Amino acid sequence: MTNYLRFRTGGGLALLCALLGTLCKTGSGQIRYSVPEELDKGSFVGNIAKDLGLEPWELAERGVRIVSRGRTQLFALNQRSGSLITAGRVDREELCAQSTQCLVKFNILVEDKLKIFDVEIEIKDINDNAPDFVTEELEIKIGELTAPGTRFPLKTAFDPDVGVNSLQNYELSTNDYFSLAVNSLSDGAKYPELVLERALDREEKKVHQLILIASDGGDPAHSGSLCIQVVVLDANDNPPVFTQPEYRVSVQENLPVGTWLLTVNATDPDEGFNSQVSYILDKMPGKIAQIFHLNSVTGDISILKSLDYEDAMFYEIKIEAQDGPGLLSRAKILVTVLDMNDNAPEVTITSLIRSVPEEATAGREIALINVHDRDSGQNGQVTVFILGNMPFNLEKSIDQYYRLVTARSLDREKVSEYNITLRATDGGSPPLSTDTHITLYVADINDNPPTFTHDSYLAYIPENNPRGAVIFSVTAQDPDSIENAHITYALIEDTIQGAPLSTYVSINSDTGVLYALCSFDFEQVRDLRLLVTASDSGNPQLSSNVSMSLFVLDQNDNMPEILYPALPTDGSTGVELAPRSAEPGYLVTKVVAVDRDSGQNAWLSYHLLKASEPGLFTVGLHTGEVRTARALLDRDALKQNLVVAVQDHGQPPLSATITLTVAVADSIPDVLADLDSFSPSANPEDSDLTLYLVVAVAVVSCVFLAFVIILLALRLRHWHRSRLLQASRGVLPGMPVSHFVGMDGVQAFLQTYSHKVSLTSDSRETHLIFPQPNYADTLISQESCEKSESLLVSEDLLETTGDPKLLQQAPPNTDWRFSQAQRPGTSSSQNGDETGTWPNNQFDTEMLQAMILASASEAADGSSTLGGGAGTMGLSARYGPQFTLQHVPDYRQNVYIPGSNATLTNAAGKRDGKAPAGGNGNKKKSGKKEKK
């Protein structure tokens, strides 16, 4: 049996073919193999086909397979070669840990014979792991007074391999103070110990560096190392020592509390806890502990209260320094207090004047001052002076008194008040000083007149301004104060075009605002020259003047005025002559106009608004010259009327128009002969045109009267026939009761034979309305019937029938509808069974023909919209909603109404299935009130 062995630590993959075991069969057929760990996937383990007595191709045929026992399958069968191979990397340490023998067991099943074989594979260990310490470094502290021979346990190493490949021994690096001892226990485990060979001296060497090496017995051998750091601990064999046995310090008095004085320092040659020094203030009688504070850690000495030279000039303080175990040493501190200039000078104002007039002369006394310093000697010598460049002086009086006086006269307009600062300084080092502030006000006198902001003013106001409009505002300033600075404004009286200035403008005496008292006209007054006076209220009063020029701005308030051609005063029309042989560009006349405005408002332009013959004449835009645009033709009228407009360029522009009459003739006699025709006739009845108009009106009136007579005859005929029908039958057979509506006790026959005529004086508003059908394919309700002013049936008809049922109002049946499949027929033939038929009697047929003729006559009126609805011509109310103008020729397209702009309703909307504008047919088409 050939096996493959792989070593990680080797230079590459070494394949060794060796016979590791033989097939052993015991009892029920047990097979054993032996392989090293860490083989590659697919490595050969054993020839399982040969050991089972089978050929390689029989493995698949007989169903030979490995039976798993719930763990990850580590091996597999190669069906081609019949050998057992590794299914992946096999690690003995993961499978068996530290067990000496590592066995993997599984079963192989031959399904055709139902035989099972036990397979046992031993995993051989290889040296693939090196000894390893838990930590890489180890620190050991040993006191310098530790006796030689003392042992210190060390950390052990761990090697997961077994046998000779496991941990075998320890080694310690060479040194002069330590050795290594290895103890072995009964289970074979080894524990290293560090042995102190000679006494340690911290002063000679504080730290020792050692290396512990653990190695196994493999080939090649693996090893691991541990760094050991031995720290020599110090012994407390030295007390603390101050840097000097006596400290001296001089401090100034009045130092703030907490001020640091000095720092004492003591050192200890030991280390660690033995060298930790703490400072203690020795308890002494008196107030030393209440005045000074010693920091036990840093050795800083500070004061707890302010030192006063007058209380004590010298202090002696005793202190101690102690290390951790308790060794100590002593020292003392000598504190000398120095006298300081701790009192500032004091300034007292004995007398003071708060206000001084500005006309006061130099030397005017203001205040009396006293200075004092509580210190003595040089610290008590005080000098006083004024800060800044001020117009004041200090004069020495008796003892420590000084007088504050003015150095020159004061001007309030430059400085109205002074903040005087007096500083008193002593002779100490450093010197102390005190500042005292005095506020002095300068009283005003009226020594400045008002002053305007400008030497002269220019103001503008548009003409036609409202009365009281603000024109301008002038401002004057007075540097004085209070009453001396109160300014009043006034206008110096003058005369403008014979009228006083006060009738044109006025000024507000307090604000200086200039108001207009009248509405200015640029054409009358173009500018004003004013003189404004500003006066203060001082004593004596001061004033000043300023000139103002007020200009009136022109507005476009005058329309152009036409000077030529002038309108004749006798009521006749002026005539301009133009020969018929005039060439294009011939000057016929010239319109001359002026505008009283100025500037752009007076710029005029001329336009031809209207002409009897367009394109025959042109008007110059800026000159107003009327010229011929083309040669005159024989067809051109003898008299030509032109309307010329003259417009300015103001905002908004204004304009004027003039009508020119141009006479065209070949010679002057012809013109003179035709001038009489231009004069209007004195008697209008002689005019042929008037006669024609009267005849036309009479003819139209006769035609309209004839139409009304014919319409009334048709209505009487319908009424007579309906009366005969009721007299013969009493009640129409099959007619729904809802078609009859009682109104004021009179029975009316609605919707079928109801008409309405509205006559007004205006022929365009005369129209005929037929009953409006229900566009929802339902019979009209009682409410719609009440809205329709139908023709009333006479009381004689009701008496003849004598049927009391006709006097009762039947409720409308809104659910009675026509289906789309119904044929058109009369309402009387429905009888509620929804079976419509075409009129089957002579009377109904004649009535239908009469209604068609009446509808055509109604269209001839031109103002009716054929109230029966779009496209129905009033017939759907009797013959159902399915009966439209599709069954009747449309005669309305042949109707023309002279002098009327009415149009007949087109039935296309109904025929196309569009919803009519009348809704349910209950509203009237005409929005005007009709007469019955």
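Let me start with the disulfide, which joins Cys-96 and Cys-102, with their two sulfur atoms 2.0 Å apart. Please keep in mind that we are looking at a predicted model, and that the numbers I give today are computed from it. When the whole structure is searched, 1 disulfide turns up. What is the handedness of this disulfide between Cys-96 and Cys-102? The torsion about its S-S bond is about 65 degrees, so the disulfide is right-handed.

Now, are the two cysteines of that bond buried or exposed? Cys-96 has a relative accessible area of 15%, and because buried means under 20%, Cys-96 counts as buried. Cys-102 has a relative accessible area of 1%, so Cys-102 is buried as well. Let me set two other cysteines beside them: Cys-227, at 37% relative accessibility, counts as partly exposed, while Cys-702, at 54%, counts as exposed.

From the cysteines I would like to move to a strand, namely β3, which runs over residues 30–36. How many of its 7 residues are buried? The count is 5, and the strand is therefore described as mostly covered. Strand β3 pairs with strand β9, which takes in residues 115–124, and the two run in the parallel sense over 7 bridges. If you want one position to look for on the screen, take Val-35, whose bridge partner in β9 is Ile-123. As a general point for reading such a picture, side chains in a regular strand alternate between the two faces of the sheet.

Next comes the surface, where Leu-689, Leu-691, Tyr-692, Leu-693, Val-695, Val-699 and Val-703 form a nonpolar patch, and together these residues have about 720 Å² of accessible area. One of them, Leu-693, lies in helix α6, which spans residues 688–729. Why does Leu-693 count as exposed? Its relative accessibility is 52%, and the label applies because exposed means over 50%.

Let me finish with the protein chain as a whole, which has 932 residues, 40% of them counted as buried. Its secondary structure comes to 11 helices and 59 strands. If we take the contacts in the chain with a separation of 6 or more, 66% of them are between residues 24 or more positions apart. Finally, the accessible surface of the chain comes to about 51300 Å², and 52% of that area belongs to carbon and sulfur atoms.

Definitions and conventions. Residues numbered from 1 in each chain as written. Predicted model: local features only at pLDDT ≥ 70, side-chain atom pairs only at ≥ 80, totals over all residues. Heavy atoms only, no water. Helix = DSSP H or I, 4+ residues; strand = E, 2+ residues; numbered from the N terminus. Buried < 20%, exposed > 50% of the residue type's maximum accessible area, 1.4 Å probe, protein only. Contact = heavy atoms within 4.5 Å. Areas by Shrake-Rupley, 256 points an atom, 1.4 Å probe, with all protein chains shown as cover. Patch = residues over 30% accessible without salt bridge, like charges linked within 9 Å, V, L, I, M, F, W, Y side chains within 5 Å. Salt bridge = Lys/Arg side-chain N within 4 Å of Asp/Glu carboxyl O. Disulfide = S-S within 2.5 Å. Pairing = 2+ DSSP bridges.
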